[in-house]
Amino acid sequence: LFEPRVELVLLVEALICIVVAILVVVLFREQPPHPPSLSKSSAKIPIPLFTSLRTLFTDRNFVILLIGGGCSLGAFNTMATLLNYIIEPYGYNNLQSGVIGAMVVFFGIVGSGVAGVIVDKTRLYKGVLIACFFLSFLFTALFIVFLQRDKFIELTLMCSMFGFFMTPTLPLTLELGCEITYPINEATPSGLLVGAGQVIGILLILVSGLLIDAGHVHAACWIVVGCILFAGWLMLMFYGTLHRIMTEKHISQQLALKNDDSYFSN
């Protein structure tokens, strides 16, 4: 039943991607018929790309978010990519690796939903991100402690908590990047943040992979832990302003005053 069928897996993934791509091309509009938010409805002339890039890379808070978010996404990608190679030397098979990976994804979805609700109610992007980073650091460190033979339950639990707290950092980082860089087009900071994560992830995977091949599994994991801790430390120095939220509040206040003036004039 569990005979390796790599070709079949790749074929199924390719078919899913093709179907989704066709649906996007056919059904998605370039933009919605109405602005999705007050800030978008008040958007001025689009800012040129090179002007946006210069503004972003001279913004201290965005650079902090870029490096910290890149480290967190890179660490997550490294754990997801090398998980099987990390636990295999301790007697765990592909099925057990798949179960752990599934738990990371499942609890990551739950954690993203919880974090999204909290941030939507409180707007505490920085606080939630710091909590996610340091709790991810804690559970990844505990994962290394339990990285032994016959500790499958403990490893699954640690990885589940890692997914719960680490997965929300990507959408929160992207959303925070758009907030602090408004009115720059959202695609520019989001693309840079994701790109930074991919670049750091490639470097981490290469270095960690070499360490694992040399038999230094714990050392490879501690590098990932260090990246997560570094991301949390960087967020402590983040003091970005939520420009988009402030703009929407200002527009709401203007609309309220306009409605009041219309009411009294009548």
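What follows is a conversation between a biologist and a modeller about how the terms used for this structure are justified.

Biologist: What kind of model is this, and how are the residues numbered?

Modeller: This is a predicted model, in which local features need pLDDT of at least 70 and side-chain atom pairs count only at pLDDT 80 or more, while totals for chains, interfaces and linings use all residues. Residues are numbered from 1 along each chain as its sequence is written, and side-chain values use heavy atoms, with hydrogens and water left out.

Biologist: What makes the pairing of Glu175 and Arg244 a salt bridge?

Modeller: A salt bridge is a side-chain nitrogen of Lys or Arg within 4 Å of a carboxyl oxygen of Asp or Glu. For Glu175 and Arg244 the N to O distance is 2.6 Å, so the pair satisfies that rule. Glu175 lies in helix α8 and Arg244 in helix α11 (residues 243-265), so the salt bridge ties together parts that are 69 residues apart in sequence; helices here are DSSP runs of H or I with at least four residues, numbered from the N terminus.

Biologist: How many salt bridges does this rule give, and which residues do they join into one network?

Modeller: The count comes to three salt bridges. Glu179 forms one with Arg244, the closest N and O atoms being 3.1 Å apart, and because Glu179 lies in helix α8 and Arg244 in helix α11, this pair connects parts that are 65 residues apart in sequence. The side chains of Glu186 and Arg244 also meet in a salt bridge, at 3.7 Å from N to O, and since Glu186 lies in the loop between α8 and α9, that pair ties together parts that are 58 residues apart in sequence. Through shared partners, the salt bridges join Glu175, Glu179, Glu186 and Arg244 into one network.

Biologist: Why is Arg244 called buried or exposed?

Modeller: Buried means under 20% relative accessible area, exposed over 50%, and partly exposed in between, with a 1.4 Å probe and protein chains only. Arg244 has a relative accessible area of 12%, so Arg244 is buried. Glu179 is buried as well, at 3%, whereas Glu175 at 33% counts as partly exposed, and Glu186 at 24% is also partly exposed.

Biologist: How do you know that Ser52 is buried, and what does Ser52 touch?

Modeller: Ser52, in helix α3 (residues 49-57), has a relative accessible area of 2%, so Ser52 is buried. Not counting residues up to four places away in sequence, Ser52 touches Ile47, Ile184 and Thr188, where contact means heavy atoms within 4.5 Å.

Biologist: Why are α6 and α8 called roughly antiparallel?

Modeller: Axes are lines fitted to C-alpha atoms, for helices over the stretch in contact, and angles run from 0 to 180 degrees between N-to-C directions. Angles under 35 degrees count as roughly parallel, over 145 as roughly antiparallel, 65 to 115 as roughly perpendicular and the rest as oblique. The axes of α6 and α8 come within 10 Å and cross at roughly 150°, and the two helices are therefore roughly antiparallel to each other.

Biologist: What is the make-up of the contact of α6 with α8?

Modeller: Tyr125, Val128, Leu129, Cys132 and Phe133 in α6 meet Thr169, Leu172, Thr173, Glu175, Leu176 and Glu179 in α8. These residues divide into seven nonpolar, two polar and two charged, with Ala, Val, Leu, Ile, Met, Phe, Trp, Tyr, Cys and Pro counted as nonpolar, Asp, Glu, Lys and Arg as charged, and the others, Gly among them, as polar.

Biologist: What makes the phi of Arg123 and the peptide bond of Tyr182 and Pro183 worth a remark?

Modeller: Most residues other than glycine have a negative phi, and most peptide bonds are trans. Arg123, in the loop between α5 and α6 (125-145), has a positive phi of about 65° although Arg123 is not a glycine, and at 37% relative accessibility this residue counts as partly exposed. Asp150, in the loop between α6 and α7, likewise has a positive phi, near 60°, and is exposed, with a relative accessible area of 73%. A cis peptide bond joins Tyr182 and Pro183, with omega about 15°, and Pro183 lies in the loop between α8 (169-181) and α9 (187-213).
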